2 protein chains.
Amino acid sequence: MSRIVQKYGGTSVGDTDRIKNVAQRIKAVRADGHELVVVVSARAGVTNELIARAKALNPLPSEREMDQLLAVGEQETIALTAMALHAIGIPAVSYTGAQAGISTDTVHTKAKIKGINARALERDLEAGKVIIVAGFQGTNDDGQTTTLGRGGSDLTAIALAAAIHADKCEIYTDVDGVYTADPRVVKDARKLAEISYDEMLELASLGSKVMQTRSVEFAAKYGVVFEVRSSFNHNPGTIVKQEVAYMEKVVVRGVAVDKDQAKVVVSNIADKPGTAAKVFRALANANINVDMIVQNVGRGGVANLTFTVPLTEKDKAVKALEPALKDVGGAATFDEAIAKLSVVGVGMKTHSGVAATLFQTLAEASINLELISTSEIKISVVIAKDKADEAARLVHAAFALNQA
Amino acid sequence: MSRIVQKYGGTSVGDTDRIKNVAQRIKAVRADGHELVVVVSARAGVTNELIARAKALNPLPSEREMDQLLAVGEQETIALTAMALHAIGIPAVSYTGAQAGISTDTVHTKAKIKGINARALERDLEAGKVIIVAGFQGTNDDGQTTTLGRGGSDLTAIALAAAIHADKCEIYTDVDGVYTADPRVVKDARKLAEISYDEMLELASLGSKVMQTRSVEFAAKYGVVFEVRSSFNHNPGTIVKQEVAYMEKVVVRGVAVDKDQAKVVVSNIADKPGTAAKVFRALANANINVDMIVQNVGRGGVANLTFTVPLTEKDKAVKALEPALKDVGGAATFDEAIAKLSVVGVGMKTHSGVAATLFQTLAEASINLELISTSEIKISVVIAKDKADEAARLVHAAFALNQA
């Protein structure tokens, strides 16, 4: 008998039939004698409905009240899921975040988990019950409802798995694992059986959109091994863990493309200490996530700074840069017609051939590299957005990622 | 400055505009310098939607999970109401039943309030905030969500008024007070300015449907004076309290008609001790509410028992009586074409003319009395259902109830 935490996202519990489907999956796992804690999200669409209702009353609703409101979505799902289990003879009991002992800080709408008091939950597990826990929510020391922000239900599952020392944590989503590339773009993309936390982090932050980086970081910190898989089939998914045993030759694990970025070039700024700091301080103060910073060598006392920002934050960036550029001189141009392509893999830094293969592959296809940045486990390049899909296919083939 | 508890029902908070309307009413009361605790129900329709969703998954949902599910309705309204208040500059904070310190027993779907720890609530009141509390819900010692059953939000308001020693408790509903008769039937029915708990109890239990008897009993027990009024206008409502100063001549306060009753005649049962007990024990075991019991004088060793049961419980009564009648002999007949008409008023028992006037009025209209029962503050008669409205009009006029 092992102890399993499962998490089902909003589409997996989207309607009556899907909740029944989840109940059947739970029944099958339980028939194998396992203890089971199940984290569920709000039904797909419910959170957006609630937000629309709030905005109709107040365009800037208080974050405390927003949490009180949004927690409703998951609370509905836990009760319905427990009822669906009862209907097929499985003892089950629902827990809100507060009832499950999930305590958080007081930062409404993006609270951090402080700890989990799993006493009540352990008692019901011992009594042989399946525990259904509302994802995405907790309570602060003052008894107020808090929510964990984007990807919060994944985080609930991983934190619970750590708290109750689960043997396994399964994250059910609408994709059935982590692929070597986006299967919609690269036809022979291959599902990875295993991947390391670090690789998953890079893929998550690079737009593969399977999970928020925050949950992966939490799992890495507490050593929670988890599997990403689909609730709509029974295929094995991708297991994410600390160490992955690779054959020596496997270096690149996947190709990720992020089309939701804009390139910013700040040109003709004074080439002296403190100039770049002023530019990035202005962006940081506006909470803008900057990536892939490159500064060229200054000539004639002026220099250029190039970097990327998320497309959604472009307008904020334009505004934030204005006063800074008045200060340091120079002008900013923005390019939305770009994409970031990255190859990711632990051990890449000891294989110098990776960068060469990547650059050569793109060069042979006449795809220009506008920016390059590297880390221990990834190489990213900025290229024209309309070449991104072609580039992904070529790079995927160049590293033979379709072969295990 | 006084301290006021207000309760708004499901129709009063039914949509965005109505919530805004409630917010404006609250703002006006606060502008007069009062402290305010506001209890709200789920938006009209939400509870039924949730029940439908539950039944689609499980025809007999667990009561614990039903409570977890239904609490969602009020939780949505409190957050939305607080947001609407913020939008017009009123500091407000929402409380679920658990957060408001409302502790109950463990009887899910019809829990009883054990006590209220109003510490957090008092703190926010002192900070000048309007408190919005979810009606209908509480929490048991085990931290599980409970609901208070029908009329639960009224009960929340009255219990909170007692706990925080409110000066006033206002129950906003879709009628604007307690009338001498149903205004849809009796055109010149008059709204009562005041009524005693006992009279209100009789009217509530007799189908005037303004409030559940349970909330009135609670108010009487703790001496909470409350006013029933409408959220759709600014007319004064009806104040319900212990003692009402009447002119000596005012005896009958109102006429109530209940068409949702069935008459049961159990005939030819053995006229000996214990027979009636067996019949009513069978009904009590099936949780059937029996009223207006009459046993005629036995002749020839057999007797007849007549009584009324709520129409909704008729089928249960048929079933429950079967084995009992096999035991004591006799047969049961059921008549659904009846109505119960009652005249209600404190002090009635010292005015013997009331019964005479009632019976004579009905006799002159050739309306037959099938059953009669009396208590200290009411006289009820069972008559043909199709004569009930006419009877109400005649009796209302006979007692000159249109005049204060």
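Let's start in chain A of this predicted model, where β13(A) pairs with strand β18 (residues 338–344) of chain A in the antiparallel sense, over five bridges. If you want a spot to click on, take A:Asp258, whose bridge partner in β18(A) is A:Lys340. Helix α10 (residues 353–364) of chain A packs on the sheet, where it touches β18 and β20 (378–384) of chain A, and its direction makes about 15° with that of β20(A). Helix α11 (residues 388–398) of chain A packs on the sheet too, touching β13, β18 and β20 of chain A. The direction of α11 makes about 15° with that of β18(A).

Now for the sheet itself. Four strands of chain A make up an open, antiparallel sheet in the order β13-β18-β20-β19. Because β13 (254–258) and β19 (371–375) of chain A each have a single partner strand, they stand at the edges, and one side of each has no neighbour in the sheet. From one strand to the next, the twist averages 20°.

Hop over to chain B for some more pairing. Strand β9 (residues 168–173) of chain B runs parallel to its partner, strand β11 (residues 226–230) of chain B, with five bridges between them; B:Glu170 has B:Glu227 in β11(B) as its bridge partner. β11(B) is also joined to strand β12 (residues 238–241) of chain B, this time antiparallel and by three bridges. There, B:Phe226 has B:Val240 in β12(B) as its bridge partner.

What about the nonpolar cores? The largest has 206 residues, and B:Val38 and B:Val133 have the most contacts inside it. Beyond its neighbours within four places in sequence, B:Val38 is in contact with B:Gln6, B:Tyr8, B:Ile26, B:Val130, B:Ile131, B:Ile132 and B:Val133. Another core lies apart from that one: it has 16 residues, including A:Ala262, A:Val264, A:Leu283 and A:Phe307.

Finally, how do the two chains relate? A turn of 180° and a shift of 0.2 Å along the axis lay chain B on chain A with an RMSD of 0.2 Å, which is the relation of a two-fold axis. Both copies use the same surface, as 100% of the contact residues of chain B recur in chain A. Within chain B, B:Val72 comes closest to the rotation axis, its C-alpha being at 2.8 Å.

The contact takes 28 residues from chain B and 28 residues from chain A. On the chain B side, α1 (16–31), α2 (46–57) and α3 (63–87) each supply at least two residues, and α3(B) gives the most, with 14 residues. By type, that side of chain B splits into 15 nonpolar, nine polar and four charged residues.

Notes. Residues numbered from 1 in each chain as written. Chains lettered and ligands numbered in written order. Predicted model: local features only at pLDDT ≥ 70, side-chain atom pairs only at ≥ 80, totals over all residues. Least-squares fit on C-alpha atoms with pLDDT ≥ 70 in both. Contact = placed C-beta atoms within 7 Å. Nonpolar A, V, L, I, M, F, W, Y, C, P; charged D, E, K, R; others polar. Core = buried A, V, L, I, M, F, W, Y, C linked by C-beta atoms within 7 Å. Buried ≥ 20, exposed ≤ 12 C-beta atoms within 10 Å, placed from the backbone. Pairing = 2+ DSSP bridges. Axes fitted to C-alpha atoms, helices over the stretch in contact; angles between N-to-C directions.
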